[in-house]
Amino acid sequence: MSYLQVEGSELKKIRPNSRVYQRYYLLDAGLQALCWEPSKKESDKARIALTSIREVRTGRNTETFRTSGVYEQISEDCAFSIIYGEMYESLDLVASSAEVANIWVTGLSVNPGVSSGKVEHRFKELQRVREKVCGLMLDNSSGVKDHSENKRLIGRNEQVTKQEFIEVFHAICTRPEIYFLLVSSFSLYLSNFCHHSLFFYYLVLQVSEETSLKLIQSHEPSEEGQQQGYLSLDGFTSYLTSAECHLFDREHDIVCQDMSQPLSHYYINSSHNTYLIEDQFRGPSDISGYIRALKMGCRCVEVDIWDGPDEEPVVYTGHTLSPPLALRCVLEAIERFAFVASEYPLIICIENHCSLLQQKVMWQNLVKILGEWLYIDAPNEGESYLPSPYALRHRILIKGKKLVLGSNGEDGEVSEEDEGAEMCQRMKARFQLLKELSDLVTLCHSVRFIDFPTSSISQKPWELCSFHETLALHLAGESPGDFVNHNKHFLSRVYPNPMRIDSSNMNPQDLWKCGCQIVSMNFQTAGLMMDLNTAWFRQNGNCGYVLRPAIMRQEVSYFSADTRDMVPGVSPQLLHVKVISGQNLPKPRGSGAKGDVVDPYVYVEIHGIPADCAERRTRTVTQNGDNPIFDESFEFQIILPELAMVRFVVLDDDFIGDDFIGQYTIPLECLQPGYRHVPLQFLTGEELPHAKLRTVSLTE
């Protein structure tokens, strides 16, 4: 909280009649207005909106001061005046010390009313002063001014000087909440600089002196500050907007989790019908879908293969109007981008609908194009778990149907795997499977799910069940504990309900909470669900694999995602979040008819197991997208921190319907405590240029 807002100050108010009033001045709760306790006569004038402030003038430099009978008794360093309103009224004040006066002058000088939209006014004031000075200089002895010479001199000084520009630039760019944070945290150091050890201890809880000095060398613009290990307000601002002060902990920008555990112990970033780039029925197919997904860290892609013309297999969704792609081109794109974003194993889910003749071509293309990256080693019958992602680096696993043992090297019949058929309510058929294709399937053998008791008895670690969304959610609701235990040993893949023709997405956390590793998402569809998916997989260097919570991996543990109680062996956390301000919030896309200024507010959302899900919102700040001050704090009790994510959503308050401005989603485990900036993103995931929130967060 800001020094002026919480503490306030007793200041002397000077009136033209030489009267002096002692008043208590402070900023209101939203840092929107200067307030004081009024007398009966001024009860309607005891508040000045910060946006109405025209100038904050230092010293005894107003008519009220000059004509006051106490002028000589007032220290020049302690006096200042606030010029405000359309009529340029003045509030003339005297502080108890020069230090207190400096806090008020600097703090009010960088408020949104002075700095935002007032640039032209500031330069006009500079010009007005020049004209006045020139006019005084040209008074002759008779008191008559030489106006022609006056104009000539003014014209010579039309250009703004470097120093004048710097002063106005600082007034615009220095943010009031940063200054107030500085003076509130270090009120013992009211000079221009703050000692590094105290400063960084407050901002990042605790860092070494060596780290503090390195940060000062990086961000302090003055040589004096760099040499003496001190940080000025400019250096402070530079630090707060730098990568070091990002909400996201940069340690998670690289792989930081144990990658030597079994494959079933990880969540795996997965896409659904990767070749589709719009809807599921008639939208276009494009190789760019694979390229985009792989570059985003996706580690499981889907390829539906059908007989094509000229004995060349093609990729498309059966029973729909989506156009086909040549399988060869799809495999070439996968080969090129398979390990661009991650070295860990890539799973290709093949849905095979081809004749034996074209299955032969499919097999030839897989072997020729993907080559040595294909993992074809037979699993060890004695193993209870799959190999680790580390052991499978730069390997491609084929997920699909496999012939039963003892087929004597011949092709055989298997049940068809056809997700699209469910949309048409068609019974799954059986088809002939090429033996060579069957042999490419080793660690991801598709099998039919019957029930959890059957799986616990007969399923092998390398056998994988696919669930459509409706069935998976039913199992998550009816048997959440059994689902978690099932996923300790076996991979589970969940794909969207075939009725999601618009390519909308399920909530991945509804399945992650039960330990489902492969929750397939329509990467082409932006929104909350993809925000959650993208943010979740950033926490481990965006490598496509995230280690599941220990409670979901330990053999002897039991966890039900529907619990409302404490989880045995897991320490709950209390998350404190303070939304301080926004910066450069743009108009929502497509809202041109709603005016030039937004009325923003912020939602803070917690996503996780049901017991942890919560949301709180700030008040609306009207007509301010440049520097809205929210200054609101929230607390959240989180039972399972390892599955929790925090999402900041900024909306434009409008009576027709609130419009989306930007969002940022982050796993709780990646959240850096202390004063941080939060970069906002479009719904499509691109960063909003210069748009940020400022927050303080802490977990305990």
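Leaving aside its neighbours within four places in sequence, which residues is Asn507 in contact with? The answer is Met529 and Leu532. Asn507 itself sits in the loop that runs between strand E20 (492–495) and helix H21 (509–512). Its side chain also reaches the backbone nitrogen of Gln509, at 2.9 Å. One thing to keep in mind while browsing: this is a predicted model.

**The overall picture**

Stepping back, the protein has 700 residues, and buried ones make up 54% of them. Its secondary structure comes to 22 helices and 30 strands. Take the contacts between residues at least 6 apart in sequence: 67% of these join residues at least 24 apart. As for the outside, the accessible surface is about 31500 Å², with 51% of that belonging to carbon and sulfur atoms.

**Two helices with a buried face**

Start with helix H10 (residues 209–219), where Ser212, Leu215, Ile216 and His219 are buried. Looking down the axis of H10, those buried residues fall within an arc of 100 degrees, so they line one face of the helix. That fits a familiar rule: an α-helix has 3.6 residues a turn, so residues three or four places apart point the same way. Turn to the other side of H10 and you find Glu210, Lys214 and Ser218, which are exposed.

Helix H13 (residues 288–295) can be read in a similar manner. Its buried residues are listed as Gly289, Tyr290, Ala293 and Leu294. Down the axis of H13 they fall within an arc of 120 degrees, so they too line one face of their helix. What do the buried residues of H13 pack against? Their partners are strand E11 (300–306), strand E12 (314–315), helix H14 (327–337) and strand E14 (346–352). Just after H13 comes Gly297, with a positive phi of about 95 degrees.

**Positive phi outside glycine**

Most residues other than glycine have a negative phi. Two histidines are worth a look here, since each has a positive value; His394 has a phi near 55 degrees, and His690 has one of about 70 degrees. Here they are next to each other:

| Residue | Phi | Place | Relative accessibility |
|---|---|---|---|
| His394 | near 55 degrees | loop between helix H15 (356–370) and E15 | 34%, partly exposed |
| His690 | about 70 degrees | strand E30 (residues 687–699) | 60%, exposed |

So where is the cut-off that puts these two in separate classes? Exposed means over 50% relative accessible area, and buried means under 20%, with partly exposed in between. His690, at 60%, is therefore exposed, whereas His394, at 34%, counts as partly exposed.

**Cavities**

The model has four cavities of 30 Å³ or more. The second largest has a volume of about 120 Å³. Its lining is made up of Ile350, Asn352, Met362, Ile398, Gly400, Lys401, Glu417, Phe431, Leu433, Leu437 and Val441. Which elements give two or more residues to that lining? They are E14, strand E15 (396–400) and strand E17 (430–433). E14 has already come up above, as one of the elements that the buried residues of H13 pack against.

**Phe80 and Arg538**

Phe80 belongs to strand E6 (residues 79–84). Is Phe80 buried or exposed? With a relative accessibility of 0%, Phe80 counts as buried. Not counting residues up to four places away in sequence, Phe80 touches a long list of residues, among them Leu11, Arg57, Phe65, Leu93, Trp104 and Val105. Thr58 is also one of the residues that Phe80 touches; the two are 22 residues apart in sequence and 4.4 Å apart in space, C-alpha to C-alpha.

Arg538 lies in the loop between helix H22 (528–536) and strand E22 (545–547). Its relative accessibility is 26%, so Arg538 counts as partly exposed. Residues up to four places away in sequence aside, Arg538 touches Phe248, His252, Asp253 and Tyr664. Arg538 and Cys670 are 132 residues apart in sequence, yet their C-alpha atoms are 8.9 Å apart in space.

Key. Residues are numbered from 1 along each chain as its sequence is written. This is a predicted model: local features need pLDDT of at least 70, side-chain atom pairs count only at pLDDT 80 or more; totals for chains, interfaces and linings use all residues. Side-chain values use heavy atoms; hydrogens and water are left out. Buried means under 20% relative accessible area, exposed over 50%, partly exposed in between (1.4 Å probe, protein chains only). Helices (H or I, at least four residues) and strands (E, at least two) are DSSP runs, numbered from the N terminus. The arc is that of the directions from the helix axis to the C-beta atoms. Contact means heavy atoms within 4.5 Å. Accessible areas come from the Shrake-Rupley method with a 1.4 Å probe; for residues, only the protein chains shown count as cover. A polar contact is a pair of N or O atoms within 3.5 Å; within protein, one must be able to donate a hydrogen and the other to accept it, and residues adjacent in sequence count only if both atoms are side-chain atoms. On a 1 Å grid over the protein atoms alone, a cavity is a set of points where a 1.4 Å probe fits but cannot get out, and a pocket is an open set with protein on both sides within 12 Å along at least five of seven lines; lining residues have an atom within 4 Å of a point. Grid points are joined across faces, edges and corners, and a volume is the space filled by probe spheres set on the points.
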